[in-house]
Amino acid sequence: MTTIDHWIAGAPYAGTATATTPVHNPATGEVSAQLATADAAVVDEAVRTAAEAQRTWGATSLARRTEIMFRMRELVVQHTEELARIISAEHGKTVDDARGEIARGRETLDFACGVNHANKGEYSADASTGVDVHSMRQPLGVVAGITPFNFPAMVPMWMHPIAIATGNAFILKPSERDPSAANYVADLYRQAGLPDGVFSVVHGDRTAVDAILEHPGIAAVSFVGSTPIARYVREKGAAHGKRVQALGGANNHAIVMPDGDIEYAASQIAAGAFGSAGERCMAVPAAVAVGEAGDLLVAALRREAEQIVVGPGDRDGVGMGPVITAEARERVIRYATEAIESGAEAVVDGRDLVVEGHERGFFVGPTVLDRVGTDVGAYREEVFGPLLTVVRAETFEEALDIVNSSPFGNGAAIFTASGEYARRFSHEVQAGMVGVNVPIPTPVAYYSFGGWKDSLFGEHHAHGPEGVRFYTRNKVVTTRWPHVDRPVQASMSFPSTTD
């Protein structure tokens, strides 16, 4: 049985910890590898190595840093297929979906290649007589990222390219469910010429997480995951003096107006609900059908869901793979069953799906429920699976109230032909990312990703300009070079720029 080690100082690192956890292939249910899990000593070694490397890396020119990021980008392009198949084998998503994930993650590498522009300071001459003021952004030092299973390449790429390009050393703690992508990326950085220790990977569970949050040598932590854990990371990290950026869960809605293109809306919502088996923080698990759009939308959603081919992610023609674990499968089934027992109508029922030849795989089929009550768990909670609930509303105002009543505020979308409704929705919806006729409004890398309410804990969104601000701190320098023949008298009074 293969053992997956950590990556420290530019090479695989076993450490002295003996604990391991199994890594499964979700399509077969079989254990594919054992993962070494870090204790505090492993994390301490990663931090020690990172701190030593960062002292040199932080003083390296921007030109040199971006040169390495350009090389890294090209290596990711060259090795997309291998990385996509690694992701598919451990996550279960289709290889094509994994390719798309890598492409979106690569956009942040693109942004990092031009970080010299985003990292610029400012300059003011003669702020006072003979006094100039300028600002600069400097790296924090050693920073860490704790990332979820659903995007083992893309979500870490929201973090490490910007952190590294701005002069930090980065320690990644990926999900223990699909860890191999992190090590593969680490080796690509090595090939790109990144100095040993600037990028490290420590694997593990809560023990590793707590060690990261408590370690005095780590200045900042980025996190993406469920809301309860995001809140925990925020509180514990802040209590240990760290800058924390914690992105939590979601329950994104899509309103469908009667004036919209119903067939288009259904195809987009189905893709948003069932792509990657619904295991996306930007998935669309809740559709709000307004007025006469309801019956038409449900009929169209039925057609879309019934066309989806479910199977192993590496099989041609498959549109949706398994969920990540047997427990995830049971959770989806339980939420669907409870909703149906509470009066929801099963339009498409995927609870009993079995994929021939993969009977032990973690498969559950696309499931569409109509007339779902807003008090049931299938609607209220982040199910994180291929379960789409349809809620009915009579008016736009009622639909908007339904969306805004959610404790989550990650993303929201509207499908309409009305500029008035689109504008009102964009301004009034309580979500950090908004789509108009776009089901998954994930921003491009030169904007920033983040939600509102219980979907974000911290002051900074991920990647883009806010990512640069998160991984750097601002310094303002005030200078005066007095003339030797024009002495400047010191004053006991508070200094004024009018002097």
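Contact here means heavy atoms within 4.5 Å. With that in mind, helix H8 is a good place to begin in this predicted model. The helix spans residues 206–214, and its buried residues are Ala208, Val209, Asp210, Ala211, Ile212 and Leu213. These buried residues pack against two helices, H1 (40–57) and H9 (227–239), and against strands E8 (142–146), E9 (169–173) and E11 (220–224). Where H8 starts, Asp205 places a side-chain oxygen within 3.1 Å of the backbone nitrogen of Thr207.

Turning to the nonpolar interior, the largest core comprises 68 residues, and Ile255, Ile269 and Val368 have the most contacts inside it. The greatest contribution to this core comes from helix H10 (residues 262–274), which supplies seven residues. Leaving aside residues up to four places away in sequence, Ile269 touches Ala254, Val256, Val284, Ala287, Leu301, Leu388 and Phe415. Another core, of 58 residues, lies apart from this one and includes Met154, Ala163, Ala220 and Val468.

A smaller story unfolds in an open sheet, where three strands follow the order E1-E5-E4 with mixed pairing. Strands E1 (3–4) and E4 (20–25) stand at the edges, and each has a single partner strand, so one side of each lacks a neighbour in the sheet. Between E1 and E5 (residues 30–36), the pairing is parallel and runs over two bridges. Within this arrangement, Thr3 is found opposite Gln34 of E5.

Notes:
Residues numbered from 1 in each chain as written. Predicted model: local features only at pLDDT ≥ 70, side-chain atom pairs only at ≥ 80, totals over all residues. Heavy atoms only, no water. Buried < 20%, exposed > 50% of the residue type's maximum accessible area, 1.4 Å probe, protein only. Helix = DSSP H or I, 4+ residues; strand = E, 2+ residues; numbered from the N terminus. Polar contact = N/O pair within 3.5 Å; in protein donor to acceptor, adjacent residues only side chain to side chain. Pairing = 2+ DSSP bridges. Core = buried A, V, L, I, M, F, W, Y, C linked by side-chain atoms within 4.5 Å.
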